[in-house]
Amino acid sequence: MSEEPKNPTAGESETPSDAIENAPSSDTPDTSDLPSTDKPSAAAKKPAAKPADGDTPPAKAKKEKAPAVEDKPFAEFMQQDYLPALQTALAKQGVKDLDVSLTKQKLPLAGMSSAGDCWQVIGKFQEGQRQFNLYFPQENIQSQRAFSCAENNTKTSTLEPFLIDERKVTLDLMVFGVVQRLNAQKWLNLN
């Protein structure tokens, strides 16, 4: 009779001798010599070559980022950056006689006179027939902002939120917001 082949699933399997020799033991915490797929091999752990003492390249100096124009003090930013940029953008849209200024005064809305003074960018054009106001209750462009407009020397009746969904308000975004709002009002010549 010939010997029947052993069936490893029937409980008669033998442990290979390699596995017995390299099996972890509770006696020693050493690792085995078997290659592992989760660790890099010792050959892959090559130390980086160190340059000679005189060959050390100089460390690159990090370029410091210039502070954003929006980080300037409020009045300085508005006078030096925002008002000129707004005038330029509206001139490109065909507004010829724009008079724009920054003032601190009471809100020009009925019932709001007791609210105190508020920073306002006031823009007038078409011989003063069209006026828009951009309001800043605090000296900070990142805080609340509002917008209003009036035509033919009438009083402003509605105060609208301005750029309320924006995380960070920038110079370009503030200029774009006013141009977009005036364009929606059909006040710009290119409409």
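Strand 2 and strand 3 of this predicted model form a hairpin with four residues between them, and within the turn Q126 adopts a positive phi of about 55°. Strand 2 covers residues 117–125, and seven bridges join it to strand 3 in an antiparallel arrangement. Along this pairing, Q120 stands opposite Y135 of strand 3, while I122 faces N133 of strand 3.

The turn residue Q126 is also engaged through its side chain, since a polar contact of 3.3 Å joins the side chains of Q126 and R130. R130 belongs to strand 3 and is buried, with a relative accessible area of 14%. Apart from neighbours within four places in sequence, R130 is in contact with G123, K124 and F125, and also with A150, E151, K186 and W187.

**The sheet**

The hairpin is part of an open sheet of five strands, arranged in the order 1-2-3-4-5 with antiparallel pairing. Strand 1 (99–106) and strand 5 stand at the edges with a single partner strand each, and one side of each is therefore left without a neighbour in the sheet. On the other side of the hairpin, strand 3 is joined to strand 4 by six bridges, again in the antiparallel sense. Here F132 stands opposite C149 of strand 4, and N133 has S148 as its bridge partner in strand 4. Strand 4 in turn pairs with strand 5 over two bridges, antiparallel, and the bridge partner of F147 in strand 5 is E160. The three pairings for which bridges are counted are set out below.

| Strand pair | Bridges | Direction |
|---|---|---|
| Strand 2 and strand 3 | seven bridges | antiparallel |
| Strand 3 and strand 4 | six bridges | antiparallel |
| Strand 4 and strand 5 | two bridges | antiparallel |

Burial in this part of the sheet is extensive for two of the strands: strand 3 is mostly covered, with six of its seven residues buried, and strand 4 has five of its six residues buried, so that strand 4 is largely enclosed by the rest of the structure.

**Helices on the sheet**

Helix 2 lies across strand 1, strand 2 and strand 3, and runs at about 140° to strand 1. Helix 3 likewise packs on the sheet, where it touches strand 2, strand 3, strand 4 and strand 5, with its direction making about 140° with that of strand 3.

**Aromatic pairs**

How many aromatic pairs does a search of the whole structure find? The search yields four. One of them is the stacked pair of F132 and F147, whose rings are 6.3 Å apart centre to centre, with 15° between the planes. This pair links distant parts of the chain, as F132 lies in strand 3 (residues 130–136) and F147 in strand 4 (residues 146–151), 15 residues apart. Both F132 and F147 are buried.

F147 also takes part in a pair with F162: the ring centres are 5.9 Å apart and the planes stand at 20°, so this pair too is stacked. Because F147 lies in strand 4 and F162 in the loop between strand 5 (160–161) and helix 3 (171–184), the pair ties together parts that are 15 residues apart in sequence. The relative accessible area is 1% for F147, which is buried, and 5% for F162, which is buried as well. Elsewhere, F74, W119 and F136 form one aromatic cluster.

**The chain as a whole, and confidence**

The protein chain holds three helices and five strands, which run α-α-β-β-β-β-β-α from the N terminus on. Of its 191 residues, 28% are buried. Among contacts between residues at least 6 apart in sequence, 43% join residues at least 24 apart.

Where is confidence lowest, and where is it highest? The lowest mean, 62, falls in helix 1 (residues 17–22), whereas the highest, 87, belongs to helix 2 (residues 74–92). Over the protein chain the pLDDT averages 74, and 60% of the residues score at least 70.

Definitions and conventions: Residues are numbered from 1 along each chain as its sequence is written. This is a predicted model: local features need pLDDT of at least 70, side-chain atom pairs count only at pLDDT 80 or more; totals for chains, interfaces and linings use all residues. Side-chain values use heavy atoms; hydrogens and water are left out. Rings of Phe, Tyr and Trp (its six-membered ring) pair if their centres lie within 6.5 Å; planes under 30 degrees apart count as stacked, over 60 as edge-to-face and the rest as tilted. Buried means under 20% relative accessible area, exposed over 50%, partly exposed in between (1.4 Å probe, protein chains only). pLDDT is the predictor's confidence in each residue, from 0 to 100. A polar contact is a pair of N or O atoms within 3.5 Å; within protein, one must be able to donate a hydrogen and the other to accept it, and residues adjacent in sequence count only if both atoms are side-chain atoms. Contact means heavy atoms within 4.5 Å. Two strands pair if DSSP finds at least two bridges between them. Axes are lines fitted to C-alpha atoms, for helices over the stretch in contact, and angles run from 0 to 180 degrees between N-to-C directions.
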